Amino acid sequence: MGKRINVQKTYKLYIDGKFPRTESGRYIKWQDPKETTLVNVCRGSRKDFRNAVVAARKAASGWSCRTAYNRGQILYRIGEILEGRREQFMTELTLQGSTKKQAEKEIDQAIERLIYYAGWADKYVQVFSRVNPVAMPYFNFSFLESVGVVAAIAPDDISLLGSVSVLAPIIVGGNTAIMLASESRPLCAITFAEVIHTSDVPAGVVNILTGQRSELLDHFSSHMDVNAVVYCGNDPEEIELVQSNSALNVKRPVIYRGQNWSDKKMQGPYHILETQETKTTWHPVGV
Amino acid sequence: MNYKTDWVYNPAPESADHVRIQERYDLFINGKFIPSVKNAYFKTINPANENKLAQVAEAQKTDVGLAVRAAKKAYENIWSKMDPSERGKYIFRIARLIQERAREFAVIESLDGGKPIRESRDVDIPLAAAHFFYYAGWADKLEYAFPGRKTQPVGVAGQIIPWNFPLLMAAWKLAPALATGNTVVLKPAETTPLTAMKLAEIIQECELPPGVVNIVNGGGETGQALVEHPDVDKIAFTGSTEVGKFIMKTVAGTGKKYTLELGGKAANIIFEDAPLDQAVEGIITGIFFNQGHVCCAGSRLFVQESVAETVISKLKNRMETLIVGDPLDKNTDIGAINSKAQLDKIKMYVDIGQKEGGEIFQSSCNLPKKGYWHAPSLFTGVSQSHRVVQEEIFGPVLAIQSFRTVDEVIAKANNTPFGLSGGVWTDKGSKIFALSKAIRAGVIWANTFNKFDPSSPFGGYKESGLGREGGLEGLMPYVHLV
């Protein structure tokens, strides 16, 4: 008997709850540092991104109207499913260059971060909302609402924990997201899409593209139906492009500049606030 | 009823005798009044009669540089190091002195900007004092504002304010910046510099350390110099969406923080189960308050079809009783349009509205011969695609549409790039909550409109801006959380 022929995985995009190939028909050959495996990764295009924005917009009102309890349970569910997929992420993370120990730590942290944010789902609004004592006979209160559709550029240097750290605060706050995965370490992000797909996350709430940052950054930050853009990286020219493009429709640019995502400080409710709006309502008090 | 003969008021003018306006105002830099390097001045006029009120120094780029340097020095050496409770006491002093001189401020605000004395006296000036009073109290309580984090001031704030609420906008900007330990260079609007210069007098009187607040007057170029200055750490801007976008582009890549309060085109929604007479008053307040020079004005009216005819008829009657004229008359409801440029813009839109097929109604009031005036106006027969429905006019012009269902009106209300404010009128509580959640805007007035308070956060969704001013949220733009 000869050696068994492996069944290799085709890495595709994740848009609107489906796994399409890129409409561009273009691929990037990705090889691991030890040159044992060669993978074709979709080179996502502007059109793929635009399709993803349509899906995210369509999903936005439904997701933001889910109860906080339900969103919390779904985030927890993502953590559960990720836990069950440890082996696959171990393989991919080590293929992407992590040591076994590093990979283990990254998976642990990614799961814990999901559980952490799951617990915030029904608390951040309580902590950051208030009744305002206006000097008139009115009942006045302020609370948080999702900003809407968020385009996110995931960190390049840490794929699984990076994706989780960027996506969790966006979606726990009722936003929908389109994320561009790490260009140098794309495998985990697409496998993470499979985790999301099996975690009761409604179609369109999370969309994940692979491709070239240099090609897609402009589109991610200039789209007129995107309400916020989250950028993770340390390139001054890229940051300037994102902030400048944000002016087109006054989208909110959120810049995470060269952060260490495994630091515990890189989680917390203030990351949720980055993609929230404060709404204030007045009503007269009287008969 | 003939409103011109049957509905007459005797004049009730507020006296302006006690008001001191100098012939010339200089720049306020490092605690002193100094002329601009070029010795350049521009005049500010009373829009109600086009008479010159004063000459005001026009800050050049070099002047802005001097102001920023003074602010930076004051930040590093004094203000950021001061005991926060001492900082707070200075801000309390400012609040108190505004209250003491409220009458003088109100008259000058109406003279310089054209707004009715009733509004400057009852809204602008008291609220300005209240803002300082509110934020003064925050200065030594910041550790309670952001759970789990500590705050640090940002540095030098460059603040650019509009002409529609001159002193009030100065207060919105200055109070939270000072309370959190920042120093400021403030640029008032070109057409309304006077109350800011009066505020500079108060700031001197309060013995605020020199350089903590600097005030430079001028137009767009002065503002641009401030935005571009490398030592300005934060920009706070209130004004048009167009300029807001320009500022975002300018500061891209610089690491400067910024907040933007931009334009609006608010939907004011009247359901058939609303208290209609109250709603009509709300429509009037929504669009004609301050001549409609309000970014959050209820400039798009949506009336449920079953009551549309009644509401529009009541509204037209009520418009006929609005008194348009002398801003210093205590009976006046609608004052002068702030500037010739703004009047031209309003007229342009009224023209466009008619050319696009809208039906116009204007109250039959007599407009004074001199000065800049516009009659309260409304358009019917317009739809979502009309420019008077889509674009911000910033004047006393209302666009009316009708609707049948809740879903329809939500879709129409949100069909705009703006998202500053919105209004809902109904007696049904659950409908209020449904609508106030569905409208994508930062401030929702339910069974009321155009109410403001220092403790209440204000600011927009979408192209209406970034960040909030007022309330606890209003501290956030002026601190780094560590």
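**Exercise 1. Which residue of strand 2 of chain A does Trp30(A) stand opposite?**

Before we start, a word on what you're looking at. This is a predicted model, where local features need pLDDT of at least 70, side-chain atom pairs count only at pLDDT 80 or more, and totals for chains, interfaces and linings use all residues. Residues are numbered from 1 along each chain as its sequence is written, while chains are lettered from A and ligands numbered from 1 in the order in which they are written.

Step 1. Find the strands: strand 1 of chain A covers residues 27-31 and strand 2 of chain A covers residues 38-42. (Strands are DSSP runs of E, at least two residues; helices are runs of H or I, at least four residues; both are numbered from the N terminus.)

Step 2. See how they pair: the two run antiparallel and are joined by five bridges. (Two strands pair if DSSP finds at least two bridges between them.)

Step 3. Read off the partner: Trp30(A) stands opposite Val39(A).

Step 4. Look at the turn. Strands 1 and 2 of chain A form a hairpin with six residues between them, and Glu35(A) in that turn has a positive phi of about 55 degrees.

**Exercise 2. Work out the strand order of the sheet that holds strands from chain A and chain B.**

Step 1. Walk across it: the order is 3(A)-4(A)-10(A)-18(B)-17(B)-12(B)-13(B)-16(B)-15(B)-14(B), an open sheet of 10 strands with mixed pairing.

Step 2. Check the edges. Strand 3 (130-131) of chain A and strand 14 of chain B each have a single partner strand, so one side of each is left without a neighbour in the sheet.

Step 3. Start at the chain A end, where two bridges join strand 3 to strand 4 in an antiparallel pair. Here Val131(A) has Phe141(A) as its bridge partner.

Step 4. Go to the place where the chains meet: strand 10 of chain A pairs with strand 18 (residues 443-446) of chain B in the parallel sense, over three bridges. Trp282(A) stands opposite Trp445(B) there.

Step 5. Finish at the chain B end. Strand 14 (residues 359-362) and strand 15 (residues 377-380) of chain B are antiparallel over four bridges, with Gln362(B) partnered by Ser377(B). Strand 15 of chain B also runs parallel to strand 16 (residues 397-403) of chain B, through three bridges, and Leu378(B) stands opposite Leu398(B).

Step 6. Add the helix: helix 14 (residues 406-414) of chain B lies across strands 12, 13, 16 and 17 of chain B, running at about 150 degrees to strand 16.

**Exercise 3. How many residues does each chain give to the contact between the chains?**

Step 1. Count each side: 29 residues come from chain A and 36 residues from chain B. (Residues are in contact if their C-beta atoms, placed from the backbone, lie within 7 Å.)

Step 2. Find the contributors on the chain A side. Strand 4 (138-146), helix 9 (236-246) and strand 10 (276-284) of chain A are the elements that give two or more residues. Strand 10 of chain A gives the most, with eight residues.

Step 3. Sort the chain A side by class: 13 nonpolar, 11 polar and five charged. (Ala, Val, Leu, Ile, Met, Phe, Trp, Tyr, Cys and Pro count as nonpolar, Asp, Glu, Lys and Arg as charged, and the others, Gly among them, as polar.)

**Exercise 4. Describe how helix 3 of chain B packs against helix 6 of chain B.**

Step 1. Take the geometry: helix 3 (residues 84-100) and helix 6 (residues 166-179) of chain B pack at an angle of about 160 degrees, with axes 9 Å apart. (Axes are lines fitted to C-alpha atoms, for helices over the stretch in contact, and angles run from 0 to 180 degrees between N-to-C directions.)

Step 2. Name the arrangement: that angle makes helix 3 of chain B roughly antiparallel to helix 6 of chain B. (Angles over 145 degrees count as roughly antiparallel, under 35 as roughly parallel, 65 to 115 as roughly perpendicular and the rest as oblique.)

Step 3. List who meets whom: Arg87(B), Gly88(B) and Ile91(B) in helix 3 of chain B meet Ala175(B), Leu178(B) and Ala179(B) in helix 6 of chain B. By class, this contact has four nonpolar, one polar and one charged residues.

Conventions
Two residues are in contact if their C-beta atoms, placed from the backbone, lie within 7 Å.
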